[in-house]
Every structure is written in structure tokens, then in C-alpha cells.
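Please open the model in your viewer and get your selection tool ready. We will go from stop to stop, with a word at each on what to select and what is there.

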Amino acid sequence: MYRLVVKNLSKKFSIGCKKKDSTLARVISILSNKESKKKFQVLKNISFNVKEGEMLGIIGNNGSGKSTLLRTIAGIYKADKGTVEINGRVISVINLNAGLNMRLTMKDNIFLCSSLYGLSKKQTQHIFNKIILFAELEKYIDTKLYQFSSGMLARLSFSIAIFCTISSKANILILDEVFNGVDKDFKSKSKSKLLEIKKKGITILISTHNIYFVKKNSDRVIWIKNGKIKKEGQPDKIVTEYLQEKN
Ligand SMILES: Nc1ncnc2c1ncn2[C@@H]1O[C@H](COP(=O)(O)OP(=O)(O)OP(=O)(O)O)[C@@H](O)[C@H]1O
Ligand SMILES: [Mg+2]
């Protein structure tokens, strides 16, 4: 059974500055050498499927379109062309701080974020301790998030997403660069946790520059280059070819 079917997905962005209305604004723009607004094709006819319980690794250089692809699948961006068919419930960690409010305490944020992921208060109460213990943040329950380091925020986001996925019986977990800024020990236990939830049949889409993780643990890899799928297939092969091209 396919949990995700992506067909001919294309997405453009406007980059540069808006056309200036007034003559003075236009003169300033010319003098300051600002480029005018242009359309930029970020995703070009992307098609792929992901099966139930499959872990798909998405690799590619900076700016190749990985996050845009995941955001479009998660419904944060609207595609210009193509379709995304999702069979099941999705939980996505796309921006590390997504759903978190820096002025609230960690406790309030766990309840807030879990409710955004569709959990009831009772369900959140049930996983609350698991979240803080896994994130190793039990000393910070009543601390406001603006006092957290970026690694602490990353631990919290990951931990909330994992336990909400399990508790809400979500079917698809989308992760974008979730290992950025976390230390080695946390990375390693997060990887084990991902493999554990994959065994439960949850489909995982993960974009990361940690290509050795992708090579070792994913079932299939998609290499995105300049907004297109350059190659798709067996992790060992695709990662090796990607590294060969980089070197
Ligand atoms: N909101 C936006 N508005 C305009 N352009 C954008 C926007 N988001 C991304 N882009 C552009 O789309 C291209 C792809 O960006 P994207 O973030 O998808 O790359 P990425 O593969 O995730 O890169 P990285 O490895 O650095 O995370 C880049 O050229 C970027 O400038
Ligand atoms: Mg990205």
C-alpha cells in the first residue's frame, strides 16, 4: 500500500525585489543595483511513491529543493502543478521551531504542539513524561523556550513529534534536518527511535545532510539536484554516486 503518491510536482518561487511603483523608488533601485523580481522554478516534475513502513531518505546539496518538496507534501506550500496523494495521517517536523511559542514554558508548549498534531489533553498527559525524559529536559519543565539553546529546541521538537506520532497512530512522519544542532548521543538515540517507529509500520520521509544515516538506515533514497530527481534507488548506490559527484 502506498502511503504517499507524488505526481509531476512543480513549484515556482518569486525571488528578488518587487517592481517599484514610484519613479524615485525605481531610480534608487537601479542605482543600488537591486535585481528585480523573477520567477524561479524550484521543483520540476517530481514524481515518486512511498510505501507503508518505508523510510525514504532525501539527499541533495544546499538549495536543491528538499525542504520545498517536504513543505509542499506537508501542505505548507501550494504546488503550481502536480498532485500529492496522502493515505493516512501525517506529522511533520519541518521548521525546528514550528508550532513552538518562545514566550511559553516547555510544559505549555508540549500541550500546544501536541494539540496541533491532533492529540487530546489526556493523550498528551500520557506521553508528557516520555517526551521530557527522551529529550533529557526534565529540569526545564517551567522554563520559557526563549531561554533554551537551539539544540534543546531541536531535542524538544523531535521528541514531541516522535511520541505524538506513536500516540496518535499517525502513519507518515516527515522530518527535515532534525539532527541539526543536536549532540552525538542524542543523534544516536534519535536514530534508534526512528528505526523503532519504522518497525511499527510508520512511513518516514527524512531529508538530511547526514547521508551516512540515510545510507545505513533508509530503504530507498531520492537524490534531488536543481529541483529534479537526479537519481532514485538503493541507498548504498545512490549515496555513493552522490558523493562521487561532490568530490
Ligand atoms: N519561501 C521562499 N521564497 C523564495 N525562494 C525560496 C523559498 N524557500 C526556498 N526558496 C528557494 O528554493 C530553493 C530550494 O530551497 P530549499 O530550502 O528547498 O533547499 P534545500 O535543498 O532544502 O537546501 P538545504 O540543504 O540548504 O536545506 C533555493 O534556491 C531557495 O532560495
Ligand atoms: Mg532544507
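Start by selecting G75: this glycine follows α2, and its phi is positive, near 85 degrees. Helices are DSSP runs of H or I of at least four residues and strands are runs of E of at least two, both numbered from the N terminus. A word on the ground rules: this is a predicted model, in which local features need pLDDT of at least 70 and side-chain atom pairs count only at pLDDT 80 or more, while totals for chains, interfaces and linings use all residues. Residues are numbered from 1 along each chain as its sequence is written, and chains are lettered from A and ligands numbered from 1 in the order in which they are written.

Now step back from G75 and select α2 (66–73). Is α2 mostly covered or open? Six of its eight residues are buried, namely K66, T68, L69, L70, T72 and I73. Here, buried stands for 20 or more other C-beta atoms within 10 Å of the residue's own, exposed for 12 or fewer, and partly exposed for anything in between, with C-beta atoms placed from the backbone.

Keep α2 on screen and add ligand 1. Which residues are around ligand 1? Select F13, I15, V42, G60, N62, G63, S64, G65, K66, S67 and T68; a residue belongs here if its C-beta atom, placed from the backbone, lies within 6 Å of the ligand. Two elements, β1 (2–15) and α2, give two or more residues to this shell, and α2 gives the most, with three. Colour the shell by residue type and you will find three nonpolar, seven polar and one charged residue. In this scheme Ala, Val, Leu, Ile, Met, Phe, Trp, Tyr, Cys and Pro are nonpolar, Asp, Glu, Lys and Arg are charged, and the others, Gly among them, are polar.

Next, show the sheet that α2 lies across. The helix crosses β1, β2 and β4, and runs at about 65 degrees to β2; contact means C-beta atoms, placed from the backbone, within 7 Å, and angles run from 0 to 180 degrees between the N-to-C directions of axes fitted to C-alpha atoms, for helices over the stretch in contact. The three strands form an open sheet in the order β2-β1-β4, with antiparallel pairing. The edge strands, β2 (38–51) and β4 (81–86), each pair on one side only. On average, neighbouring strands here are turned by 20 degrees against each other, direction ignored. Two strands count as paired if DSSP finds at least two bridges between them.

Zoom in on the pairings. Ten bridges join β1 to β2, and five join β1 to β4. Select V5 to see both sides: N49 in β2 stands opposite V5, and E85 is the bridge partner of V5 in β4. Then try S10, which stands opposite K81 in β4.

Stay in β1 for N8. Most residues other than glycine have a negative phi. N8 is not a glycine, yet its phi is positive, about 45 degrees. With 13 C-beta neighbours inside 10 Å, N8 counts as partly exposed.

For a second positive phi, select E177, where the value is near 50 degrees. E177 sits in the loop between β6 (172–176) and α6 (184–199), and is partly exposed, with 19 other C-beta atoms within 10 Å.

Finally, zoom out to the whole protein, which has eight helices and nine strands. Its C-alpha trace spans about 60 × 45 × 35 Å along the principal axes, and 36% of the 247 residues count as buried.

Methods: Contact = placed C-beta atoms within 7 Å.
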